[in-house]
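Got the model open in your viewer? Set it to a cartoon, keep the side chains ready, and follow along.

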Amino acid sequence: MPRGQFDRSERKAATRARLLDAAARVYARQGFAGATLDEVAAEAGFTKGAVYAHFGSKENLLLALLQEFLTGQIAEQLELFDRARLDRDSSTWERPIAGSDSWMRRLGEDPDPFRLFVELWSYAQRDEKLRVRLAGGLDALRATFVSFGTDSAAEAGVETPHAAHEQFANALIGLILGLGLLKLADPDNVPEQLLGVVSSILIRGLEADPEARRLLAELPTTTRA
C-alpha cells in the first residue's frame, strides 16, 4: 500500500475515534435530543462537515457509539468466559458471575455508556427504522450468550434444544438491561453482585430441570431476515 494511502487511512481512523469520544461526552451531558452535530464537532475540534463525512447523520453517530459499546461488552464477556472455562474447578453456573460483576461495577463507576444506550432505545421507540437497526445491533450480543449456553450445556452433559438457548439469551439480555436501569435509578438498593447471582440461579435451574428447558424451547420465535 502506498505510504500516502496508509497515512490517510490512519488519520481517518483517528478522526473517527475522536468524533466518537466527543459524541459520547456531548450526548451524556445533554441527551440525544438536545445535542447537535455542531456541538459534537466543536467538542472534537473539527467542523460539522467532518461529522457528516464519517457518519452521515446524528442517528448514525449514535448507532456507531452503540456498536462500540456492544463490541466492547462482547469482547470482555468472551475473555472472562474463556478464562473461567480454563479453570477446571469452576462449574458452568459460576462462569457468568465474573462478567456480570464486572459489568455492574463498571456501570456504577461510569454510567455514561449505558445512558447512551438508553437514549438510543428511547429515541428508537418513535422511529421504526432506527428500532430495527437497534434490534439488529443486539443480535451479536444475543449470539454470544447463545454460544455460552451451548458450550456450558455440552460441558455439563445437559441436552438442551437450541431454541431454549435463544430464549435464555433473551431473558439474560432483559435481566442485564432491566437491572442496569434499576441501578441507575436506585443504586443503593442494587448490589453489583445481583446480576451474577440471579444468572447463576437461572442456569442451575435449567440444568437441573428438563421441563424448564422444554418450556423455553417451545416458546414462539421469529427469525429476523
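This tour goes from a buried arginine to a helix crossing, then a leucine, and then the salt bridges.

Two ground rules before you click. You're looking at a predicted model, where local features need pLDDT of at least 70, side-chain atom pairs count only at pLDDT 80 or more, and totals for chains, interfaces and linings use all residues. Residues are numbered from 1 along each chain as its sequence is written, and side-chain values use heavy atoms, with hydrogens and water left out.

**Stop 1: Arg213**

Select Arg213, which sits in helix α10 (residues 210-217). Helices here are DSSP runs of H or I with at least four residues, numbered from the N terminus. What is the nearest side chain of opposite charge to Arg213? That's Asp209, 6.6 Å away, and Arg213 has no salt bridge even though it is buried. Buried means under 20% relative accessible area, exposed is over 50%, and partly exposed is in between, using a 1.4 Å probe and protein chains only. For charge, Lys and Arg count as positive and Asp and Glu as negative, while His and the chain ends are not counted. A salt bridge needs a side-chain nitrogen of Lys or Arg within 4 Å of a carboxyl oxygen of Asp or Glu.

Now show backbone oxygens. A polar atom of the Arg213 side chain lies 2.5 Å from the backbone oxygen of Leu206, and the Arg213 side chain also reaches the backbone oxygen of Glu207 at 3.1 Å.

Expand the selection to see what Arg213 touches, leaving aside residues up to four places away in sequence: Val158, Glu159, Thr160, Ala164, Leu206, Glu207 and Ala208. Contact means heavy atoms within 4.5 Å.

**Stop 2: where α9 meets α10**

Zoom out to bring in helix α9 (residues 194-208), which packs against α10 at an angle of about 105°, with the axes 5 Å apart. So α9 is roughly perpendicular to α10, a label for angles of 65 to 115 degrees. The axes are lines fitted to C-alpha atoms over the stretch in contact, and angles run from 0 to 180 degrees between N-to-C directions. On the α9 side, pick Leu206, Glu207 and Ala208; they meet Pro210, Ala212, Arg213 and Leu216 in α10.

**Stop 3: Leu172**

Jump to Leu172 in helix α8 (residues 162-185). Leu172 is buried, with a relative accessible area of 10%. Leaving out residues up to four places away in sequence, Leu172 touches Phe145 and Ser199. Try a distance label too: the C-alpha atoms of Leu172 and Leu195 are 9.2 Å apart, with their positions 23 residues apart along the chain.

**Stop 4: the salt bridges**

How many salt bridges are there by this rule? The count comes to 10. Start with Glu192 and Arg105, whose side chains meet at 3.4 Å, N to O. This pair links distant parts of the chain, 87 residues apart: Glu192 is in the loop between α8 and α9, and Arg105 is in helix α5 (residues 95-109). Glu192 is partly exposed at 24% relative accessibility, and Arg105 is partly exposed at 36%.

Next, try Asp112 and Arg115, with their closest N and O atoms 3.2 Å apart. Both lie in helix α6 (residues 112-124), three residues apart, about one turn of the helix.

Then select Asp139 and Arg142, which form a salt bridge at 2.8 Å, N to O. These two are three residues apart in helix α7 (residues 128-156), so about one helical turn separates them.

Finish on Arg25, Arg29 and Glu43, which are linked in a network of salt bridges.

Conventions: Polar contact = N/O pair within 3.5 Å; in protein donor to acceptor, adjacent residues only side chain to side chain. Parallel < 35°, antiparallel > 145°, perpendicular 65-115°, else oblique.
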